[in-house]
Structure formats: structure tokens, C-alpha cells
Amino acid sequence: MSKKLYVWGTGGHAKSLAEIATASGFQIQAFISPNSDYQNFLGFNAYPDLPEGLAPKNAVIAIGIGDNFTRQEVWLELNKTYPISMFPPLIHPTASIAKDSEIGQGSTVHQNSVVGTSSQVGIFCTLNTTSSIEHDCVMGDFASLGPGARTGGNVTIGERAVLAINSTARHGLQIGHDSVLGAASYAHKSIPPLTVAVGAPATFLKDRKAHDPYL
């Protein structure tokens, strides 16, 4: 029997997450939209909050929020009521995950993405379509790879950090927490925390705060 799934969010990321979930055998029950007027989304009911009485034995939850900081804020609020065991990783059947790699609870691995051998993906990370991390990489909690973003081996990506669309990080680098490597940029050296770097090779653009928007 397929597991019943509730998706928190009604934006573009929630749509992508719904595709992964249905392709992976989950049965979507409804979308949750606390701050919008949606009553229907993708043909499913949309409610302002999760129904009472949800428990690991009868349902699971996914957070369909693209912004890393906001996704963490939603998780911290939901975790007051629901255990992390109710937030399974969602992995599209076309993704390639090395046998000895680990995918954290609540993380999503999208179509045709790759997680290399001996890599670790934290909780509530996002690996968008065709993104990839090579061997021995570490993604901190709530970090994300945009579509087509990729790394060499032994790269560490800090919490809530972003590798934007089609960006590349050379092997052995550290991408600091809450940093952004801009779209189509190439990181040839490590990026400090709370930094935006762009270009090929990537250079410092500006400082940022963890809650600053990047999408």
C-alpha cells in the first residue's frame, strides 16, 4: 500500500515535489497552504493546516518550500508537533544514489540527479533536476543545488548554502553556510559563509544574511 502524503506548500517547488512523490509511489492526500486562498492545487484539496491526528503509522509530510531559510523555519514550527520520522526523503526513480551515500530526512532528490559514493546529504536538502555531487561530498542541512548545479569530489556545502542553476564547485572546496554561488558561476576556491560569489571564476559580489532571498 502506498504511503499517504501531505505536501506543505503550493508554489513551484511543491509542484516539483509532487512529481517526485507520485513517481516514488506516495499517495498525495492534500496540499497545505496557510497563507494563500487556494482551495484546490493540482487537482487536490488545499487546506490551511494539517489535519488533526496525523501520526507516522498513517501518513507522512513533505515540505515543498524552495527557499532554504524558509524551509528551515517551517520545519522548526512543524517539529513542535510532528517527529522527523514523518518526513521521509523523496527520491525520484531516475536519480542515481550511490549505495554507501546517505540522504537525510525531508530531503528531495529530483529527476536525473546524482549523489556520488560516500557522500552525505543532510536533512531537508534539495538536489534539483540534473544536479550532482561527486564522491565524499557533504551537504549541510537545508542546503540546495539548483538545476544542473554540480560539484567535484570532497566538497563541503554549509547549512542553507545555495549552488544556483548550472553553477560548478571545483573538488575539495568548502562553500560556507548561508552562501550563494551564482547561476552559471565556477568556484575555483572556497567561499566564506554569508557570501554571494558570481562569475567564472567566481568572485565576491556582496555579503548576505541567512534570511536574504536568493530565488
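Visitor: Which residue in strand 21 is the bridge partner of Leu163?

Guide: That would be Leu181. Keep in mind that this is a predicted model. As a general idea, strands of a sheet pair through backbone hydrogen bonds, either parallel or antiparallel. Here, strand 18 (residues 162-163) and strand 21 (residues 180-181) run parallel and are joined by 2 bridges.

Visitor: Where do strand 18 and strand 21 sit in the order of the sheet?

Guide: Read the order from one side to the other: 6-9-12-15-18-21-23-24. You can find 18 and 21 side by side in that order. The sheet is open, has 8 strands and shows mixed pairing. At its edges are strand 6 (90-91) and strand 24 (203-207), each of which pairs on one side only.

Visitor: How do strand 23 and strand 24 run, parallel or antiparallel?

Guide: Antiparallel, with 4 bridges joining strand 23 (residues 195-198) to strand 24. To see one spot where they face each other, look at Val198, which stands opposite Thr203. These two strands form a hairpin with 4 residues between them, and Gly199 takes a positive phi near 105° there.

Visitor: What about side chains on a strand, how do I read those?

Guide: Here's the general idea: in a regular strand the side chains alternate between the two faces of the sheet.

Visitor: Let's turn to cysteines. How many disulfides does a search of the whole structure find?

Guide: The search finds 0. Take Cys125, which is in no disulfide: the nearest cysteine sulfur belongs to Cys137 and is 12 Å away. A disulfide needs the two sulfur atoms within 2.5 Å, so the sulfur of Cys137, at 12 Å from that of Cys125, is too far for a bond.

Visitor: Is Cys125 buried or exposed?

Guide: Buried means under 20% relative accessible area. Cys125 has a relative accessibility of 1%, so this residue counts as buried. Cys137 is buried too, with a relative accessible area of 1%.

Visitor: How should I look at a single residue in a loop, say His110?

Guide: Begin with its place, then ask what surrounds it. His110 is in the loop between strand 9 (108-109) and strand 10 (114-115). Because its relative accessibility is 1%, His110 counts as buried. Leaving aside neighbours within four places in sequence, His110 has contacts that include His13, His92, Leu127 and Asn128. His110 and Leu127 are 17 residues apart along the chain, yet their C-alpha atoms are separated by 6.0 Å.

Visitor: Now the empty spaces. How many cavities of 30 Å³ or more does the structure hold?

Guide: Just 1, and the space inside is about 30 Å³. Once you've found a cavity, check what lines it. Among the lining residues are Leu17, Phe87, Gly106 and Phe124. Strand 5 (residues 60-63) gives the most to this lining, with 3 residues. By class, the lining has 8 nonpolar residues, 2 polar and no charged.

Visitor: What volume does the largest pocket have?

Guide: About 430 Å³. Of the 26 residues lining this pocket, Ser144, Val162, Ala164, Tyr214 and Leu215 lie nearest its centre. Remember strand 24 from the hairpin? Strand 24 gives the most to the lining of the largest pocket, with 3 residues. The classes in that lining are 13 nonpolar, 8 polar and 5 charged.

Visitor: And which helix gives the most to the lining of the second largest pocket?

Guide: Helix 2 (residues 68-78), with 5 residues. The second largest pocket has a volume of about 190 Å³. This pocket is lined by 14 residues, and the closest to its centre include Trp8, Pro34 and Val74.

How values were computed
Residues numbered from 1 in each chain as written. Predicted model: local features only at pLDDT ≥ 70, side-chain atom pairs only at ≥ 80, totals over all residues. Heavy atoms only, no water. Buried < 20%, exposed > 50% of the residue type's maximum accessible area, 1.4 Å probe, protein only. Pairing = 2+ DSSP bridges. 1 Å grid on protein atoms, 1.4 Å probe; cavity = no way out; pocket = protein on both sides within 12 Å on 5 of 7 lines; lining within 4 Å. Points joined across faces, edges and corners; volume = space filled by probe spheres on them. Nonpolar A, V, L, I, M, F, W, Y, C, P; charged D, E, K, R; others polar. Contact = heavy atoms within 4.5 Å.
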